Amino acid sequence: MLFPNDNNSGIMRVGLMGGTFDPIHMGHLVTAEEARQQFDLDYVIFVPTGSPPHKDHDSISLPEHRYLMTSLAVMSNPSFFVSSFEINAKAPTYTIDTVRHFCCGEQGSPELYFITGADAILEIFTWKEYEELLRLCTFIAVSRPGYSLELFRQTLDSNCPEMQQKVHLLEIPALAVSSTFIRERVALGKTIKYLTPEPVEQYIKNHGLYLVGK
Ligand code: ATP
Ligand code: MG
């Protein structure tokens with residue numbers, strides 16, 4: 001995956017945002033844009049998961065659908081890209097595989113920022129090769145509505161003070177939308193207008209996605 005290098009310092013600052021994106025929604029996009037601005041990122045790359053190990057495979061839309069919806073959603077933002085790395089992988093991938101893939105690319109080594117939910121970060125000790133992960137990238141832990149950043153900070157500080165340098169907290173303007181919420185609304189025949197970009201809304205309609213409750 002090649003990107004124009006318009007950063008004078010030569011070292012690109014790249015955000016990675018992993019997710020099922022079934023479907024991608026405004027919560028994801030607002031989060032990525034906020035992270036881009038606050039951390040002065042050159043790009044944010046959305047990485048839809050192939051076969052997420054922790055979710056029920058049968059209830060997840062085909063990777064092609066999730067990849068295309070994510071591509072449609074980022075089209076209007078020149079700083080946003082989508083990667084098919086995890087979707088094309090033959091075996092299930094872990095965050096460390098994805099980070100390794102992007103940290104040593106054809107254009108040298110960018111500074112990597114992995115954007116993820118604050119709750120997920122608290123489980124980082126269970127992730128594959130988490131020490132190496134913390135060496136290779138910085139984490140941007142975003143808060144979802146109703147989540148206490150203060151509690152997060154205390155938990156992190158008491159469990160692993162050395163992570164302070166590598167984990168930044170980012171409060172996101174209140175957006176309670178989730179993919180589950182969107183899927184449920186479609187199944188109930190309710191509108192999803194303004195919860196996801198219009199081309200994604202159209203794609204869901206055209207392909208009859210989420211019509212049965214999942
Ligand atoms: P689902 O309801 O199917 O679990 P989701 O809305 O949580 O979907 P994911 O694809 O699972 O979306 O999430 C990808 C990443 O985006 C995760 O790190 C998650 O914490 C974050 N995220 C999801 N929704 C929001 C939101 N509304 N605000 C901020 N971050 C979010
Ligand atoms: Mg989720």
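**Exercises: a ligand site and a parallel sheet**

Twenty residues surround ligand 1, with H25, H28, V177, S179 and T180 coming nearest. Keep in mind that this is a predicted model. Grab the structure and work through these.

**Exercise 1.** Find which residues put an N or O atom within 3.5 Å of an oxygen atom of ligand 1, and say whether side chain or backbone is involved.

*Solution.*
- Step 1: start at H25, where a side-chain N or O atom sits 2.9 Å from a ligand 1 oxygen.
- Step 2: go to T116; here a polar side-chain atom is 3.3 Å from an oxygen atom of ligand 1.
- Step 3: check S179, which uses a backbone N or O atom, 2.8 Å from a ligand oxygen.
- Step 4: now look at cover. On its own, ligand 1 would expose 600 Å², and the protein buries 87% of that.

**Exercise 2.** Work out which elements give two or more residues to the shell around ligand 1, and what kinds of residue the shell holds.

*Solution.*
- Step 1: two strands qualify, strand 1 (13-19) and strand 4 (111-117).
- Step 2: add two helices, helix 1 (26-38) and helix 8 (179-187).
- Step 3: sort the shell residues by type, and you get 12 polar, five nonpolar and three charged.

**Exercise 3.** Trace the sheet and explain why strand 3 and strand 6 each have one side left without a neighbour.

*Solution.*
- Step 1: read off the strand order, 3-2-1-4-5-6, in an open sheet of six strands with parallel pairing.
- Step 2: strand 3 (80-82) and strand 6 (167-171) are at the edges with a single partner strand each, so one side of each has no neighbour in the sheet.
- Step 3: follow the twist, which averages 25 degrees from one strand to the next.
- Step 4: zoom in on strand 6. Strand 5 (residues 137-143) pairs with it in the parallel sense over five bridges, and V142 stands opposite L170 of strand 6.

**Exercise 4.** Describe how helix 1 and helix 4 sit relative to the strands.

*Solution.*
- Step 1: helix 1 packs on the sheet and touches strands 1, 2, 3, 4, 5 and 6. Its direction makes about 145 degrees with that of strand 2 (43-48).
- Step 2: helix 4 (residues 95-103) lies across strands 1, 2, 4 and 5, at about 150 degrees to strand 4.

**Exercise 5.** Locate the cis peptide bond and the positive phi at E129.

*Solution.*
- Step 1: the cis bond joins D22 and P23, with omega about 0 degrees; P23 is in the loop between strand 1 and helix 1.
- Step 2: E129 is not a glycine, yet its phi is about 50 degrees. You'll find E129 in the loop between helix 5 (118-121) and helix 6 (130-136).

Technical notes:
Residues numbered from 1 in each chain as written. Chains lettered and ligands numbered in written order. Predicted model: local features only at pLDDT ≥ 70, side-chain atom pairs only at ≥ 80, totals over all residues. Heavy atoms only, no water. Near = heavy atom within 4 Å. Polar contact = N/O pair within 3.5 Å; in protein donor to acceptor, adjacent residues only side chain to side chain. Areas by Shrake-Rupley, 256 points an atom, 1.4 Å probe, with all protein chains shown as cover. Helix = DSSP H or I, 4+ residues; strand = E, 2+ residues; numbered from the N terminus. Nonpolar A, V, L, I, M, F, W, Y, C, P; charged D, E, K, R; others polar. Pairing = 2+ DSSP bridges. Axes fitted to C-alpha atoms, helices over the stretch in contact; angles between N-to-C directions. Contact = heavy atoms within 4.5 Å.
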